[in-house]
Amino acid sequence: KVINDEFNKYFRIMFGGGKARLAITKVPKSTKKADAEAKQETATTADGSEIEASIDNAEDNKEFEPGIEFHLELPKKKINSLEVLSGGERSLISISALFAIVSAMHPPFVVLDEVDAALDETNARRFSKILGELVAKTQFVVITHNRSTMESAQIMYGISMAEEGISRAISVKLEEF
């Protein structure tokens with residue numbers, strides 16, 4: 001419930017409105033695993049030769065695994081599937097879910113690798129603002145090329161190649177500037 005409430009909150013911030021909720025679902029286990037678990041049986045034909053037959057007992061073995069369904073209402077846009085969304089919109093939904101989990105669970109340390117890559121300047125600023133709020137309880141290491149995200153950093157590390165084949169690490173505490 002807490003994660004669901006936080007997801008709606010961050011979704012509304014990232015999209016400038018709308019509604020979102022998560023629902024736990026049960027989905028059939030993957031067919032690869034079901035295929036691997038299919039039984040092999042030997043049958044005898046009329047001429048006395050034996051053949052192996054694979055018996056799929058998926059009907060007998062109704063195993064399910066948990067899944068998550070996203071129920072979304074975007075502002076000024078009707079959607080019936082996540083597939084119709086742009087890469088940036090999908091990123092915003094994923095970021096909203098990630099921030100909801102971090103906000104609810106307060107992990108001590110989170111590494112984010114290029115999660116802001118598909119965001120435009122406005123959404124990258126929203127992303128950075130929320131990160132700035134969450135750093136009070138969680139330390140973030142963010143790998144990014146996004147200028148807006150880098151501007152909100154407290155300490156920035158980079159790799160420079162002054163000479164070909166020789167890399168050098170650079171660190172800057174941005175609080176000093």
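This report describes four places in a predicted model: a buried aspartate, a serine, a phenylalanine and a nonpolar surface patch.

The model is predicted, and local features need pLDDT of at least 70, side-chain atom pairs count only at pLDDT 80 or more, and totals for chains, interfaces and linings use all residues. Residues are numbered from 1 along each chain as its sequence is written, and side-chain values use heavy atoms, with hydrogens and water left out.

Helices (DSSP runs of H or I, at least four residues) and strands (runs of E, at least two) are numbered from the N terminus. Asp-116 sits in the loop that links β5 (109–113) to α4 (121–134). Although Asp-116 is buried (under 20% relative accessible area, where exposed is over 50% and partly exposed lies in between, with a 1.4 Å probe and protein chains only), it has no salt bridge (a side-chain nitrogen of Lys or Arg within 4 Å of a carboxyl oxygen of Asp or Glu). The nearest side chain of opposite charge, Arg-147, is 11 Å away; Lys and Arg count as positive and Asp and Glu as negative, while His and the chain ends are not counted.

Ser-148 belongs to helix α5 (residues 147–151) and counts as buried because its relative accessibility is 4%. The table lists side-chain polar contacts, each a pair of N or O atoms within 3.5 Å, where within protein one must be able to donate a hydrogen and the other to accept it, and residues adjacent in sequence count only if both atoms are side-chain atoms.

| Side chain | Partner side chain | Distance |
|---|---|---|
| Asp-116 | Thr-149 | 2.5 Å |
| Ser-148 | Glu-121 | 2.5 Å |

Contact means heavy atoms within 4.5 Å. Not counting residues up to four places away in sequence, Asp-116 touches Phe-127, Thr-144, Asn-146 and Thr-149, and Ser-148 touches Glu-121, Ala-124, Arg-125 and Ser-128.

Phe-7, in helix α1 (residues 2–15), is buried, with a relative accessible area of 0%. Beyond its neighbours within four places in sequence, its contacts include Leu-22, Phe-70, Ile-93 and Ser-96; Ser-96 is 89 residues from Phe-7 in sequence, yet the two are 5.7 Å apart, C-alpha to C-alpha.

At the surface, Phe-109, Val-111, Val-141 and Ile-143 make a nonpolar patch of about 340 Å² (areas by the Shrake-Rupley method with a 1.4 Å probe, only the protein chains shown counting as cover for residues). β5 and β6 (139–143) each supply at least two of its residues. Patches are made of residues with over 30% relative accessible area and no salt bridge, like charges being joined within 9 Å and nonpolar side chains (Val, Leu, Ile, Met, Phe, Trp, Tyr) within 5 Å. Val-111, in strand β5, is partly exposed, with a relative accessible area of 49%.
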